[in-house]
Structure formats: C-alpha cells, structure tokens
Amino acid sequence: MVRKGLIVGNWKMNINHLEAIQVVQKLSYRLDLGDYERVDVAVVPAFTALRSVQTVIEADRLPIGLGAQNCHWEESGAFTGEVSAGMLAKLSVNYVLAGHSERRALFGETDDMVNRKVKAILSHQMTPILCVGETLDQREAGETLAVVTGQLMGGLSGMDADAVTSTVIAYEPVWAIGTGQTATPEDAAEVVSAIRVALGERWGDAAEHVRILYGGSVNAGNIAALMAKRDIDGGLVGGASLDPDSFASIVRYWI
Ligand code: PEP
C-alpha cells in the first residue's frame, strides 16, 4: 500500500496575518511541482491568518493545503470565542487538528470532546488530524501504548472504516514537542506501527490507508530517518515550520 507523504506545519499562536502571507509566499518559492507530487504539504496558521493564507493559495493556485488548529463540534450557537467546523469549511480549509496535546493539557480537552470535533470536521468534508501521544511520566511508567491506543480509540469512537480512512493520525509524544528532544526513529516507528495494528484490529484493511504522522521536534536533520520507517507517512512540524527555509528543507527531506 503506497500512502502519499504529508508534511504539516503547525504555526500555533505565532505569525500574524501579514507575516503569514510572506511565509507562504516564501515557502512556495522554495518548492516546485515535483515536491508536491511526492508529498502533500499543508500549513496550519492561527485563525486570524486563515483568510489571508487562503487568498494567497487561491490567487497563486498553490498546491498547499490549508489547516486550522482547532474547532468546536457544534454548528453554531452561544459559544463565545469558538469557531465551528462549518465556518472553517467555508474558508476552504482542508485539515483541522483535533486533540493536540497543548489543547488537552492547557484547555482540558477530553477524548470525548476530541471525538466530537473529529466527527464535526468529517461532516464538512475536511480531514481531521487526530493527535495522540504520551507524557514523559507515562512513558517512564511503561504506559505509552495504553495511553496512545486509548486516545486513538476515544478520538475515533463510533466511526466506520470510511470515516477512519479519511482521518490522519499524528503520533506526538508530549515530551518531544518543542523540547528539541525527538523520539528516535525506532521509538517513533514502534508506536506508529502499534497504532496501525490497533486500527487494523478494529477497522481491518482501512488501517493500511490511514496516514500516520510523527510530530515532536521534527527538523531538517531528522526527518529523512523518520520518513524511512515504513509506517511513518509524514510529519507534524511545530517550531521548524515557522521559517520557510527550514520547512521547505523538511518537505524536501529526500534531498
Ligand atoms: C507540534 O506542535 O505539533 C510540534 C510537534 O511542535 P515541535 O515541532 O515544535 O516540537
């Protein structure tokens, strides 16, 4: 089964809408059509920059996907400060992160909330990127696989094989995010392979179609070794995606 690579840049709460236009334009100057044929590329700006980035992507017909960092599961209503999946779909958003560890840890997101978000995202024909990953304490206690599969099954609860196939999973060990401490390719691959096995046990062949990314201090120096692992289909990149030069080098990991 050949799964196309996917490299996603999560800008988090960085880069205003004016800067975002420049970052996307610079990124596009550094990538060519051959790169996009080999790997799908997406950027995930803050909400305030989505419209500006969408306009650049459309005007210049860039083959770059647009992602959002979060959404609410309800369509509309009295949820001050929230943004619905439908609103994002209207902005031609392709991907939406769900259950990033920062949202779980800092904003109290539970598996049930993440599951509702994943379903809302899919209902608007966008691709959820469901993030799962263990903390350092959990890893040291030998709980990595239990935690990760628990978040996986919680996030995908009630979904059929088609819906699961339309979802991207990102394995992001919390201890590796923003710390400069990347999981070794072997450690990352072990967990990613376990995720694929768990998907297969529940949804059969669909598991072979699901793209599973690794995230956690990915950079231009470590991406090639991660991508060489059979089950790792791409990267969710935080810090190193803010600079178009470094992000382009990650996208072109084979060079
Ligand atoms: C992330 O935010 O998803 C992430 C992986 O961040 P970083 O690459 O900075 O560790």
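Leaving aside neighbours within four places in sequence, which residues is Tyr-36 in contact with? Select Tyr-36 and look around: Lys-4, Ser-28, Leu-31, Val-41, Pro-63 and Ile-64 are in contact with Tyr-36, where contact means heavy atoms within 4.5 Å.

Before going on, a word on what you have open. This is a predicted model, so local features need pLDDT of at least 70 and side-chain atom pairs count only at pLDDT 80 or more, while totals for chains, interfaces and linings use all residues. Residues are numbered from 1 along each chain as its sequence is written, and side-chain values use heavy atoms, with hydrogens and water left out.

**Stop 1: Tyr-36 and strand S3**

Tyr-36 sits in helix H2, residues 33-38 (helices are DSSP runs of H or I with at least four residues, strands are runs of E with at least two, numbered from the N terminus). Tyr-36 counts as buried because its relative accessibility is 9%; buried means under 20% relative accessible area, exposed over 50%, and partly exposed in between, with a 1.4 Å probe and protein chains only.

Now add Ile-64. Its C-alpha is 8.1 Å from that of Tyr-36, though the two are 28 residues apart along the chain. Extend the selection to strand S3, residues 64-68, where 5 of 5 residues are buried. Ile-64, Leu-66 and Ala-68 point one way, Gly-65 and Gly-67 the other. Next, show S2 (residues 39-44), which runs parallel to S3 and is joined to it by 3 bridges; strands pair if DSSP finds at least two bridges between them. For one bridge, pick Ala-42 and its partner Gly-65.

**Stop 2: the ligand**

Select the ligand and its shell of 14 residues; the closest are Lys-12, Glu-172, Gly-178, Ser-217 and Gly-238 (near means a heavy atom within 4 Å). Zoom in on the ligand's oxygen atoms: a polar side-chain atom of Glu-172 lies 2.6 Å from one. Backbone N or O atoms also lie 2.8 Å from a ligand oxygen in Gly-238 and in Gly-239. The protein covers 95% of the 290 Å² of accessible area that the ligand has on its own (Shrake-Rupley method, 1.4 Å probe).

**Stop 3: two backbone oddities**

Most residues other than glycine have a negative phi. Go to Ile-15, where phi is positive, about 75 degrees. Ile-15 is in the loop between strand S1 (5-10) and helix H1 (17-30). Finish at Ser-92, with a positive phi near 65 degrees, in the loop between helix H4 (85-90) and strand S4 (95-98).

Notes: A polar contact is a pair of N or O atoms within 3.5 Å; within protein, one must be able to donate a hydrogen and the other to accept it, and residues adjacent in sequence count only if both atoms are side-chain atoms.
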